[in-house]
Amino acid sequence: EVEAGLDMAKTISPNVILLGVSAVFTQPVASFLKSLPKGTPVPRAISKSDASMVEWDYSAIAEQAKLMADRHSVAFANTSSFYCKVQECALWKENSYKMPIYWDNQHLTDFGIDAFAQFLGTQADMAHFSARVDMTRRAN
C-alpha cells in the first residue's frame with residue numbers, strides 16, 4: 001500500500017518524494033525484439049499505442065500518483081517523461097543500440113540507471129534533494 005508507506009516514511013524523514021510512474025511492459029524487451037518478423041528493423045522505441053507491449057495509460061496513472069502525493073503532503077517528481085514521451089517509450093540510451101535502457105520488462109540496466117539519475121538531476125521537483133546528493137553516482 002503506497003499511501004500507508006508515504007505516511008510511514010514521513011515519520012522517519014521530512015524529505016519524502018514520490019517518484020512518478022515507470023514503464024512496465026507486457027513482456028521483456030528482449031522477447032519483444034526476438035518476436036519481430038525477420039527483416040524488421042530493431043525499433044528505437046515502442047509506440048505507446050502498441051497494446052502488445054503497453055497496456056496502461058502512464059499519464060493517467062501519473063496524475064493519480066500526483067494526487068496521492070498531494071493528499072499526503074509529500075513532494076512528487078513526475079518521472080513519466082523519462083520512460084515515455086508523448087507517443088513512445090525509448091528502448092536505448094541516446095538512441096544507441098549498444099546502450100539498452102531495460103534488461104527485462106521494467107528494470108533498468110546500468111545505462112538506464114545512469115540516464116535516470118541524470119534525468120532526476122534536471123527535475124525542478126528534485127532540486128532540494130539533488131542539491132545535497134551527487135546524482136551522478138549510484139550504489140554498486
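Is Glu-3 buried, partly exposed or exposed? Glu-3 has a relative accessibility of 24% and therefore counts as partly exposed. The points below concern a predicted model.

1. Salt bridge between helices. Glu-3 pairs with Arg-71 in a salt bridge, with 2.8 Å between the closest N and O atoms. The two partners belong to distant parts of the chain: Glu-3 is in helix α1 (residues 2-12) and Arg-71 in helix α3 (residues 58-71), a separation of 68 residues. Arg-71 has a relative accessible area of 51% and is exposed. The cut-off matters here, because exposed means over 50%, and Arg-71 stands at 51%. For Glu-3 the boundary in question is the lower one, because buried means under 20% and Glu-3 stands at 24%.

2. Salt bridge within a helix. Lys-66 and Asp-70 also form a salt bridge through their side chains, at 2.7 Å from N to O. Both residues are in helix α3, and their spacing of 4 residues is about one turn of the helix. Lys-66 is partly exposed at 35% relative accessible area. Asp-70 is likewise partly exposed, at 40%. With this pair and the Glu-3 to Arg-71 pair, the count of salt bridges comes to 2.

3. Aromatic pairs: Phe-25 and Tyr-102. The count of aromatic pairs is 7. In one of them, the ring centres of Phe-25 and Tyr-102 are 5.1 Å apart and the planes are at 80°, so the pair is edge-to-face. Phe-25 sits in the loop between β1 (17-19) and α2 (29-35), and Tyr-102 in the loop between β4 (88-90) and α5 (110-121), so the contact ties together parts 77 residues apart in sequence. Phe-25 and Tyr-102 are both buried.

4. Aromatic pairs: Phe-82 and Phe-119. The ring centres of Phe-82 and Phe-119 lie 5.5 Å apart with the planes at 50°, so this pair is tilted. It too links distant parts of the chain, with Phe-82 in helix α4 (residues 80-83) and Phe-119 in helix α5, 37 residues apart. Both Phe-82 and Phe-119 are buried; the relative accessibility of Phe-119 is 13%. The two rings belong to one aromatic cluster, whose other members are Tyr-83 and Phe-116. A backbone distance can be set beside the ring contact: Phe-119 and Ser-81 are 38 residues apart in sequence and 9.4 Å apart in space, C-alpha to C-alpha.

5. Charge over a ring. The charged end of Arg-44 is placed over the ring of Tyr-97, 4.4 Å from the ring centre.

6. Largest pocket. The space in the largest pocket is about 270 Å³. Its lining comprises 18 residues, and those nearest its centre are Phe-82, Lys-85, Ala-90, Trp-92 and Ile-101. Elements α4, β4 and α5 each give two or more residues to this lining. By residue class, the lining divides into 10 nonpolar, 3 polar and 5 charged. Phe-82 thus appears both among the residues nearest the pocket centre and in the aromatic cluster.

7. Positive phi values. Which residues other than glycine have a positive phi? Glu-94 is one of them, with phi near 55°. Asn-95 is another, with a positive phi of about 60° although it is not a glycine. Glu-94 is located in the loop between β4 and α5, and Asn-95 is in the loop between β4 and α5 as well. Glu-94 counts as exposed at 63% relative accessibility, whereas Asn-95, at 44%, counts as partly exposed.

8. A buried position in helix α3. Ala-62 is located in helix α3. How is Ala-62 classed, buried or exposed? Its relative accessibility is 2%, so Ala-62 counts as buried. Ala-62 and Met-99 are 37 residues apart in sequence, and their C-alpha atoms are 26 Å apart in space. Phe-82 and Phe-119 are also 37 residues apart, but those two are in ring contact, with centres 5.5 Å apart.

Terms used. Residues are numbered from 1 along each chain as its sequence is written. This is a predicted model: local features need pLDDT of at least 70, side-chain atom pairs count only at pLDDT 80 or more; totals for chains, interfaces and linings use all residues. Side-chain values use heavy atoms; hydrogens and water are left out. A salt bridge is a side-chain nitrogen of Lys or Arg within 4 Å of a carboxyl oxygen of Asp or Glu. Buried means under 20% relative accessible area, exposed over 50%, partly exposed in between (1.4 Å probe, protein chains only). Rings of Phe, Tyr and Trp (its six-membered ring) pair if their centres lie within 6.5 Å; planes under 30 degrees apart count as stacked, over 60 as edge-to-face and the rest as tilted. A charge sits over a ring if NZ of Lys or CZ of Arg is within 6 Å of the ring centre and within 35 degrees of the ring normal. On a 1 Å grid over the protein atoms alone, a cavity is a set of points where a 1.4 Å probe fits but cannot get out, and a pocket is an open set with protein on both sides within 12 Å along at least five of seven lines; lining residues have an atom within 4 Å of a point. Grid points are joined across faces, edges and corners, and a volume is the space filled by probe spheres set on the points. Ala, Val, Leu, Ile, Met, Phe, Trp, Tyr, Cys and Pro count as nonpolar, Asp, Glu, Lys and Arg as charged, and the others, Gly among them, as polar.
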